[in-house]
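Student: I should like to learn how to read a structure that has more than one chain. May we go through one together?

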Amino acid sequence: MVAHARADHPDEACGLIAGPEGTGAPQRHVPMTNAARSTTFYEFDAEEWKREYDRMWDNDEEVVVAYHSHTHTEAYPSRSDAGIASELGLPGAHYVLVTTKDPETAEVRSFRIADGVITEEPIEVTGAPEAVQSYKFAHTPDSTVYDCH
Amino acid sequence: MSIEVRIPTILRQHTKGQKLVTGEGETLAELFDHLDAANTGLKARVVTEEGALHRFVNVYINDEDVRFIGGLEAKLSDGDSVTILPAVAGGM
């Protein structure tokens, strides 16, 4: 996600991670085209989104993570991010925000968005702790826990 | 005339949890009118009071984005598959 966000900077990048329905396990990363090609707005390309949705439908998968980047602001959902996601969004998905405003350090944060309410959730990085550039709160020998309180 | 409609998770509250429903209609507008009888509230989530598609909903007939083939006036044929998807979008 961070590499995709960096590659598309200064435009916003967006994509999803699909996983088997009902498991909540993010397994298949799908970088999407930002049809808005904008530094301040993103929208899944409609044709590509349909193709990926068909693939998920056939595989009994769902969107586990829907991510996008902010290129000049915090990794926090904007008013329109929350508004659109609440009105017609992906209620089961973790909305992950990446900010590329700092060229050295990317911030990655995760949220649930429903009924206009944004709830941040902790992210636990496992498997590749060396990929983590900075430790915000605590880390154990094989994982890093980003506390969001 | 039978049209299969794929319902996204967020709208399954209107379809008793079903992900696939069937309806009928010569056009997309007629289809949504027909669907609303058995799936109360579904139409209002997709079609505005002014009778247009909501900005952040994508509707497809087979693989075609209906915005390019007449919107709600797009014609349907027996056996067509309609997909409703949230437009995943946002901005600062």
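Tutor: β1(A) and β4(A) will be our starting point, and they pair in the antiparallel sense. Strands, like helices, are DSSP runs numbered from the N terminus (strands are E with at least two residues, helices H or I with at least four), and two strands pair if DSSP finds at least two bridges between them. This is a predicted model, in which local features need pLDDT of at least 70 and side-chain atom pairs count only at pLDDT 80 or more, while totals for chains, interfaces and linings use all residues. Residues are numbered from 1 along each chain as its sequence is written, and chains are lettered from A and ligands numbered from 1 in the order in which they are written.

Student: How many bridges join β1(A) and β4(A)?

Tutor: The two strands run antiparallel. One of the pairs sets Ile17(A) against Val65(A) in β4(A). The count of bridges between β1(A) and β4(A) is seven.

Student: Which strands of chain A stand at the edges of the sheet?

Tutor: Six strands of chain A form an open sheet with mixed pairing, in the order β2-β1-β4-β5-β6-β7. Each edge strand has a single partner strand, so one side of it is left without a neighbour in the sheet. The edge strands are β2 (28-32) and β7 (117-121) of chain A.

Student: At about what angle does α2(A) run to β2(A)?

Tutor: α2(A) lies across β1, β2 and β4 of chain A. Axes are lines fitted to C-alpha atoms, for helices over the stretch in contact, and angles run from 0 to 180 degrees between N-to-C directions. Here the angle is about 165°.

Student: Is Asp60(A) buried or exposed?

Tutor: Asp60(A) is found in the loop between α2 (46-58) and β4 (61-70) of chain A, and its phi is near 55°, a positive value in a residue other than glycine. A residue is buried if 20 or more other C-beta atoms, placed from the backbone, lie within 10 Å of its own, exposed if 12 or fewer, and partly exposed in between. Because Asp60(A) has 9 C-beta neighbours inside 10 Å, it counts as exposed.

Student: Which residue in the turn between β3(B) and β4(B) has a positive phi?

Tutor: β3(B) and β4(B) pair in the antiparallel sense over two bridges, and Tyr60(B) stands opposite Asp65(B) in β4(B). The two strands form a hairpin with two residues between them. The turn residue with a positive phi, about 55°, is Asn62(B).

Student: Which residue in β5(B) is the bridge partner of Val59(B)?

Tutor: β3(B), four of whose five residues are buried, is joined by five bridges to the antiparallel strand β5 (residues 81-86) of chain B. In β5(B), the partner of Val59(B) is Ile84(B).

Student: Which element gives the most residues to the side of chain A that touches chain B?

Tutor: Two residues are in contact if their C-beta atoms, placed from the backbone, lie within 7 Å, and the contact takes 26 residues from chain A and 20 residues from chain B. On the side of chain A, two or more residues come from each of β3 (41-43), α2, β4 and α3 of chain A. With six residues, the element that gives the most is α2(A).

Student: Which residue in β6(B) is the bridge partner of Phe41(A)?

Tutor: β3(A) pairs with strand β6 (residues 89-91) of chain B in the antiparallel sense, over three bridges. In β6(B), the partner of Phe41(A) is Gly91(B).
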